Amino acid sequence: MTSQNTVIPTAGFTYSPDSGLAIEARNVNKIYDAGGRAHHALKSIDVEVPIGCIFGLLGPNGAGKSTFINIMAGTVVKTSGSISIWETDIDANPRQSRANIGIVPQELNIDAFFTPRETLDMMAGLFGVPKAERHTDEILEMVGLTEQADFYSRRLSGGMRRRLLVGKAMVHRPPILVLDEPTAGVDVALRQRLWDSIKSLNQAGVTVVLTTHYLEEAEALCDRIAIINKGEIIAAKTKADLLASAGQKTLHLSLKTAPPLPLPDSLGTLGAQWRDGRLSISFDPATSNAVDILHKVRLAGFEVSDISTAEPDLEDVFLSLTK
Ligand code: ADP
Ligand code: MG
């Protein structure tokens, strides 16, 4: 175990918490004073981020995601509860806990008159990383800014700026990277590029926490997801368990000839619905299966010309939890 009093640039990589958790938040509350009115932005939330995962904190705007991230960053003070980051309590040891994490804030604040190389160097200086231990070129390469290393940052596109901020968050080589809405306002092509950078950092051993209000982003990237709504964590599971908890699968059938409407009882009892020129039948895979349902549709006198099944997606889960 490293000393809790000195900031060691690579602290996170020299030991692993025994708990197996990169971040552990217990019973965290945040009450903002909004012009004399109390606003309860985080309501007794518990968050556990296992080492090595890509963890998504998913929720609509105003849910409390940035509040949680900013508490970890030390820019917002929580009202109660405790958070430890790589086994370091943020209250007992704020300096070390901040050294254990790299945070990419939601706003794209960039030093326009410095180059990416200078920006990374200054940041390393702020974290007390000695010159000989800096990895500026490696970081530039990692975030795909080698060619732009000596351009003024004001010449960088939005996606490049975001990647520079990722680089900035990684100069002290923390074991945890936190990104607050990494692709908000980023176009589709760049979004893919950012997703790739996040995945490769994770493959290199970095635990990643990201917030997003895009369901597809959480679905594409995260292996664990916590859903936050109005300051409360309403689900926290692996992505697979979360999707499985939605239970239902859906069978879509195209028919040779359209059925009469309303649907005859023989189809109605299967829970069938006529939507977009197809018969859609939702079923619980634990108690039924597509072959069985297909058989019943044929027995009811309908000829099927095409079949597809749809797994529940995060949107189904999200809607069923927040409705
Ligand atoms: P998210 O990042 O999920 O969109 P935020 O954490 O930014 O949500 O905000 C959560 C809630 O707290 C919102 O209702 C927001 O208006 C409120 N809030 C955020 N910052 C402050 C503040 N400094 N003072 C008062 N209320 C705030
Ligand atoms: Mg936010």
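Strands β4 and β5 form a hairpin with two residues between them. Trp 86 sits in the turn and has a positive phi of about 50°. The model is predicted. Beyond the hairpin, this briefing covers a mixed six-stranded sheet, the shell around ligand 1, a magnesium site and a buried arginine.

**Hairpin and its neighbour**
- The pairing of β4 with β5 (residues 88–89) is antiparallel and runs over two bridges.
- Within that pairing, Ser 84 has Asp 89 of β5 as its bridge partner.
- β4 (residues 80–85) also pairs with β1 (residues 21–34).
- That pairing is antiparallel too, with five bridges.
- Ile 23 is matched there with Ile 85 of β4.

**Open sheet**
- Six strands make up an open sheet, in the order β6-β7-β8-β3-β9-β10.
- Its pairing is mixed.
- The edges are β6 and β10 (232–238), each of which pairs on one side only.
- From one strand to the next, the twist averages 15°.
- Inside the sheet, β7 (residues 176–180) and β8 (residues 207–212) run parallel and share five bridges.
- Asp 180 stands opposite Thr 211, a residue of β8.
- In general, strands of a sheet pair through backbone hydrogen bonds, in either a parallel or an antiparallel sense.

**Ligand 1**
- The residues around ligand 1 are Tyr 32, His 39, Ala 41, Pro 60, Asn 61, Gly 62, Ala 63, Gly 64, Lys 65, Ser 66 and Thr 67.
- His 39 places a polar side-chain atom 3.1 Å from an oxygen atom of the ligand.
- Ala 63 uses its backbone instead: an N or O atom there lies 3.2 Å from a ligand oxygen.
- Gly 64 also has a backbone N or O atom in range, at 3.0 Å from an oxygen of ligand 1.
- On its own, ligand 1 has 560 Å² of accessible area, and the protein covers 63% of that.
- Two elements, β2 (37–50) and α2, give two or more residues to the shell.
- Helix α2 provides the largest share, three residues.

**Magnesium ion (ligand 2)**
- The protein donors are Ser 66 through OG and Gln 106 through OE1.
- They lie 2.1 to 2.4 Å from the ion.
- Ser 66 belongs to helix α2 (residues 65–73), while Gln 106 is in the loop between β6 (101–104) and α4 (116–126), so the two donors tie together parts that are 40 residues apart in sequence.
- Ser 66 also appears in the list of residues surrounding ligand 1.
- Ser 66 counts as partly exposed, because its relative accessibility is 22%.
- Gln 106 is likewise partly exposed, at 33% relative accessibility.

**A buried arginine**
- Arg 163 is part of helix α6 (residues 158–169).
- Its relative accessible area is 4%, so Arg 163 counts as buried; the cut-off for buried is under 20%.
- A polar atom of the Arg 163 side chain lies 3.4 Å from the backbone oxygen of Gly 144.

Methods
Residues are numbered from 1 along each chain as its sequence is written. Chains are lettered from A and ligands numbered from 1 in the order in which they are written. This is a predicted model: local features need pLDDT of at least 70, side-chain atom pairs count only at pLDDT 80 or more; totals for chains, interfaces and linings use all residues. Side-chain values use heavy atoms; hydrogens and water are left out. Donors are N, O and S atoms within 2.8 Å of the metal (3.2 Å for Na, K and Ca); water is not among the atoms, so sites may look incomplete. Helices (H or I, at least four residues) and strands (E, at least two) are DSSP runs, numbered from the N terminus. Buried means under 20% relative accessible area, exposed over 50%, partly exposed in between (1.4 Å probe, protein chains only). Two strands pair if DSSP finds at least two bridges between them. Axes are lines fitted to C-alpha atoms, for helices over the stretch in contact, and angles run from 0 to 180 degrees between N-to-C directions. A residue is near a molecule or strand if one of its heavy atoms lies within 4 Å of it. A polar contact is a pair of N or O atoms within 3.5 Å; within protein, one must be able to donate a hydrogen and the other to accept it, and residues adjacent in sequence count only if both atoms are side-chain atoms. Accessible areas come from the Shrake-Rupley method with a 1.4 Å probe; for residues, only the protein chains shown count as cover.
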